[in-house]
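Good morning, and thank you for coming. Please look at the sequence and the structure as they come up on the screen, and I shall then take you through the ligand site and the helix packing.

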Amino acid sequence: MTQEPRFSQAIDSPTVAAEAHWHGFTQMASYQPLAIERAEGCWLHTTDGRKLFDGVSSLWCNVHGHNHPVINEAIVDQLHRVAHVTSLGMSAATTDRLAERLVDISPGDLSHVFFSCDGSSAVEAALKMAFQYWQQCDDPQPQKNSFLALSQAYHGDTTGAVSLGGIKYFHQLFAPILFSPIRGPRPCTYRLPDTIDAEQACDFYAGEIETLLQEHHQSLAALVMEPLVQGAAGMITHPVGLLQKIRQLCDQYNVLLICDEVATGFGRTGKLFACEHESVTPDILCLGKGLTGGYLPMAATLARPHLYEAFLGELSELKQFFHGHTFGGNPLAAAAALASIDLIEQDGLVDAADAKATRLRSRIADQVADHANVGSIRGRGLMIGIELVADRDTKQPFDSADAIGHQVCQAAIDRGVWIRPLSDVVIVMPPLVASDQELDDLADVVAQSIEAVLGKPSVASKT
Ligand SMILES: *Cc1c(COP(=O)(O)O)cnc(C)c1O
């Protein structure tokens, strides 16, 4: 079926630990130092002489591969003009151009762009924008000061974003210092309630959301969601049509819709923005990760005219948005973003994403879809999750102490592919520029790594 992976390389010498560096979401006591010296295209070169395929796009943000001459040049060119200008009361010309560009390419009538530095901050800005909007819009409703978020949502790691988040490990520990949103369903197409079949899923989840809106709309500023795919929850994939239904419900109940496309934006799902799949324009759109092609930290919060206009007034009215970051709208990042958006268009990356996704996904499925421990292969576009389960009939998870997902990803790293799991969901999310050959090799290594940990496919449970 598959040959030896062409990626594998011997490890020459262990890297010297850079002990001063404390890593996020990493147990430092058992951290195996892995440092990148340089990178080219989809390949990372480690300080100990290994070459690893970047199978998760450097945590979901890389679009065009690394060290791309066009993006490099755009940054250097900007560097020779000015490296940083504040966005508080002034601007850099490059950043203004990017704002205009984002308005052009984003869905519907999203018309104004507020810049920050990371996805979490884009979400924080959205929350405060929605809150302040209801205080001072034409028909003020200051009691609208809470939020509806989905179960197992992920919106970042700052305190407000974690409050919205519903992933147990990230949320529970910090519960005493968080605010509590109204919690909606987890619109999962893999683990549906027993009485609901796939055709009923969309109406079922929309019904649950409508019940919450009926009860709470008077106190709700906004519904916040990741459209189509809840990435950090393990690529939970929503029923088709749900986003459009939620848009209608938000209109009906006068609740703002905030879509967090930090992960799904910039071509990941096969459209430039995931909202386009269902012809939806959110009131507020959060972008990050792929915005600069994954080169520099930058995020954006886009708003529609009615939002923006509620913040206009005389100086003495104090209606301005009371929020702003020192490095928001940094022009080096803006230059990278403009170059990245041009490249996405010139290289037809969004149109190509569907065929690439189908190729990668079916090559993985051909090898492991029948495996007794593969529960589901899901996601949209080049955003794929493979959920490994102890029993595929009952969907019973593995004991988390077995760290199966971690073991599979370690097996992939040994075979020259860098991937990182979310519990027992193996995430496969290569840069959009990955070639057909690279995608095939990636699929083969993922399949081999699953087999290395869990054995060859067994058809015993396929009854
Ligand atoms: C990654 C992510 C964030 C947080 O972005 P950071 O840049 O890590 O702060 C927010 N929302 C979603 C959907 C994400 O995937």
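Let me begin with the ligand. One of its oxygen atoms lies 2.8 Å from a polar backbone atom of Gly119, a polar contact being a pair of N or O atoms within 3.5 Å, where within protein one must be able to donate a hydrogen and the other to accept it, and residues adjacent in sequence count only if both atoms are side-chain atoms. When the ligand is taken alone it exposes 380 Å², and the protein buries 83% of that; these accessible areas come from the Shrake-Rupley method with a 1.4 Å probe, and for residues only the protein chains shown count as cover.

I should state the basis at once: this is a predicted model, in which local features need pLDDT of at least 70 and side-chain atom pairs count only at pLDDT 80 or more, while totals for chains, interfaces and linings use all residues. Residues are numbered from 1 along each chain as its sequence is written, and side-chain values use heavy atoms, with hydrogens and water left out.

Side chains also reach the ligand. An N or O atom in the side chain of Ser120 is 2.5 Å from a ligand oxygen atom, and for Lys289 a polar side-chain atom lies 2.7 Å from an oxygen atom of the ligand.

Which residues surround the ligand? They are Trp60, Asp118, Gly119, Ser120, Tyr154, His155, Gly156, Glu226, Asp260, Val262, Ala263 and Lys289, a residue being near if one of its heavy atoms lies within 4 Å. By class, this shell has 4 nonpolar, 4 polar and 4 charged residues; Ala, Val, Leu, Ile, Met, Phe, Trp, Tyr, Cys and Pro count as nonpolar, Asp, Glu, Lys and Arg as charged, and the others, Gly among them, as polar.

I turn now to helix H13, residues 436-454. Its axis and that of helix H12, residues 404-414, come within 8 Å and cross at roughly 125°. That makes H12 oblique to H13, as angles under 35 degrees count as roughly parallel, over 145 as roughly antiparallel, 65 to 115 as roughly perpendicular and the rest as oblique. The axes of helix H11, residues 349-368, and H13 come within 9 Å and cross at roughly 30°, and H11 and H13 are therefore roughly parallel to each other. Axes here are lines fitted to C-alpha atoms, for helices over the stretch in contact, with angles from 0 to 180 degrees between N-to-C directions. Helices (H or I, at least four residues) and strands (E, at least two) are DSSP runs, numbered from the N terminus.
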